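Here are my notes on this one, in the order I'd go through them with the model open. Have a look and see whether you read it the way I do.

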Amino acid sequence: MSVVSASPISVREDEPFAHPALFYRGLPEFLAAAVPFIEEGLANGEPVAVAVPGDRLAPLRAELAGAQARVQLLDMNQVGRNPGRILPAVLLAFAEAHPEANRVRIIGEPIWLGRSEAEYPACVQHEALINMAFAGRAAEILCPYDVAALPRSVLADAELTHPVVVEDGVPRVSTSFAPDLALADHNRPFPEPTRPPMALPIDAARLTEARQLAETEAYRAGLAPGRAADFALAVNELVTNSIEHGGNRGSVRIWVEDGHLLAEVRDAGRRRDPLAGRRPVDPEQRRGRGLLLINHLADLVRVHQAGDGSTTRIYLRTAG
């Protein structure tokens with residue numbers, strides 16, 4: 001297999017941001033494309049980060065040899081378990097940590113075999129939002145997809161969210177590129193809980209009651225004290241955001257399902273900013289941190305918006 005072009009790939013030559021998808025078949029093809037991409041970035045003086053599933057990291061370190069010390073290597077199973085955390089905590093954080101660089105180069109693989117049915121729509125929405133978050137920035141983010149393992153529907157979504165696809169070392173413009181369509185297509189209603197949830201109407205007078213309910217249910221679900229506190233804090237932030245922006249009335253439901261403790265808040269509000277909660281914020285900033293904090297605490301965050309309002313679900317694993 002020939003390797004991916006090391007030069008920035010974009011639909012327009014004057015566009016500083018490139019966001020190609022790399023279609024590869026198994027680990028050897030991944031390494032054959034990723035290593036030259038990394039090495040040419042380093043040769044150009046570009047800061048390089050790689051966030052991929054953990055089983056890719058050891059072979060990649062071996063191939064990079066002495067160069068690995070100059071690359072930030074991250075396990076996407078950990079840093080990107082919640083797709084809503086990848087933009088603020090990995091991609092944008094890395095770019096903003098290198099303001100002196102003319103360009104940054106990142107490999108980010110958010111979708112792999114083993115992603116759950118609940119996680120997948122959030123992954124596609126993440127890929128679509130990269131185009132908005134990095135528009136005008138001098139960066140190249142290469143997103144690998146293992147075509148030998150992933151279904152065709154996943155590859156079709158990759159064509160929607162990436163302006164360029166690289167396959168067998170050859171870049172081509174994606175004629176299907178339509179990130180807004182990908183966002184809309186995965187804005188789907190959630191299935192109802194498989195067991196009756198604990199439910200509570202919420203308004204400004206019930207904020208403390210909602211947090212206490214979250215803490216009680218977290219301990220009932222078997223979460224360790226630290227994670228129970230995380231869940232209670234995430235629910236508190238979600239309910240506070242609903243009170244401030246969702247018409248001051250809504251509902252919260254909490255239940256256990258498929259190894260996760262879930263909380264869902266419904267209200268009449270709608271998020272106007274698709275990147276809310278996905279940008280790093282100044283540590284001194286006192287407001288506008290709630291959604292970002294929720295993405296940091298939860299193992300998964302899903303949002304469904306409809307004409308009558310919004311529904312947000314957060315997931316924390318009950319074990320591990």
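1. A cut-off before anything else: a residue is called buried when its relative accessible area is under 20%. Keep in mind too that this is a predicted model. With that in hand, look at strand S12, where 6 of the 7 residues are buried. S12 is therefore largely enclosed by the rest of the structure.

2. S12 belongs to an open sheet of 5 strands, and the order across the sheet is S9-S10-S11-S13-S12, with antiparallel pairing. The edge positions go to S9 (198-202) and S12 (300-306). Each of these has a single partner strand, so one side of each has no neighbour in the sheet. From one strand to the next, the twist averages 15°. As general background, strands of a sheet pair through backbone hydrogen bonds, either parallel or antiparallel.

3. Start at the S12 edge and walk inwards. S12 runs antiparallel to S13, and 7 bridges join the two. Gln 305 has Ser 310 in S13 as its bridge partner. The two strands make a hairpin, with 2 residues between them.

4. Next along is S11 (residues 260-267), which pairs with S13 (residues 309-317) over 8 bridges, again in the antiparallel sense. Here Asp 267 stands opposite Ser 310 in S13. So what sits on either side of Ser 310 in the pairing? Gln 305 is its partner on the S12 side, and Asp 267 faces it on the S11 side. As for burial, 6 of the 8 residues of S11 are buried, which means that this strand is largely enclosed by the rest of the structure.

5. On its other side, S11 is joined to S10 (residues 250-257) by 8 bridges, and these two strands run antiparallel. One pairing to click on is Ile 254 with its bridge partner Ala 263 in S11. S10 and S11 also form a hairpin with 2 residues between them. Do check the turn: Asp 258 has a positive phi of about 50° there.

6. The far edge is S9, which 5 bridges join to S10 in an antiparallel arrangement. Leu 200 has Val 252 in S10 as its bridge partner. Helix H8 (residues 207-220) lies across S9, S10 and S11 and runs at about 165° to S9.

7. Now the aromatics: how many aromatic pairs does the structure hold? There are 3. One of them is Phe 17 with Phe 134, a stacked pair at 5.5 Å centre to centre with 25° between the planes. This pair links distant parts of the chain, as the two residues are 117 residues apart. Phe 17 is in strand S1 (residues 17-18), while Phe 134 is in the loop between helix H5 (119-133) and strand S6 (139-146). Phe 17 counts as buried because its relative accessible area is 6%, and Phe 134 does so at 0%.

8. Phe 23 and Tyr 145 give an edge-to-face pair, because their planes are at 70° with the ring centres 6.1 Å apart. Phe 23 lies in strand S2 (residues 20-24) and Tyr 145 in S6, so the pair ties together parts 122 residues apart in sequence. Both Phe 23 and Tyr 145 are buried.

9. Two arginines are worth a look for where they sit on rings. Arg 105 lies over the face of Phe 37, 4.6 Å from the ring centre. Arg 56 lies over the face of Phe 30, at 5.9 Å.

10. Why no disulfide between Cys 123 and Cys 143? A disulfide needs the two sulfurs within 2.5 Å, and the sulfur of Cys 123 is 11 Å from the closest cysteine sulfur, in Cys 143, so a bond is ruled out. The disulfide count is 0. Cys 123 is buried, at 0% relative accessibility, and Cys 143 is buried too, at 1%.

11. Last, Asp 75 in strand S4 (residues 71-75). Is it buried or exposed? At 19% relative accessibility, Asp 75 counts as buried. Leaving out residues up to four places away in sequence, Asp 75 touches Val 52, Pro 53, Gly 54 and Leu 57. Gly 108, 33 residues apart from Asp 75 in sequence, is 10.0 Å apart from Asp 75 in space, C-alpha to C-alpha.

Conventions
Residues numbered from 1 in each chain as written. Predicted model: local features only at pLDDT ≥ 70, side-chain atom pairs only at ≥ 80, totals over all residues. Heavy atoms only, no water. Buried < 20%, exposed > 50% of the residue type's maximum accessible area, 1.4 Å probe, protein only. Helix = DSSP H or I, 4+ residues; strand = E, 2+ residues; numbered from the N terminus. Pairing = 2+ DSSP bridges. Phe/Tyr/Trp six-rings, centres within 6.5 Å; stacked < 30°, edge-to-face > 60°. Lys NZ or Arg CZ within 6 Å of the ring centre and 35° of its normal. Axes fitted to C-alpha atoms, helices over the stretch in contact; angles between N-to-C directions. Contact = heavy atoms within 4.5 Å.
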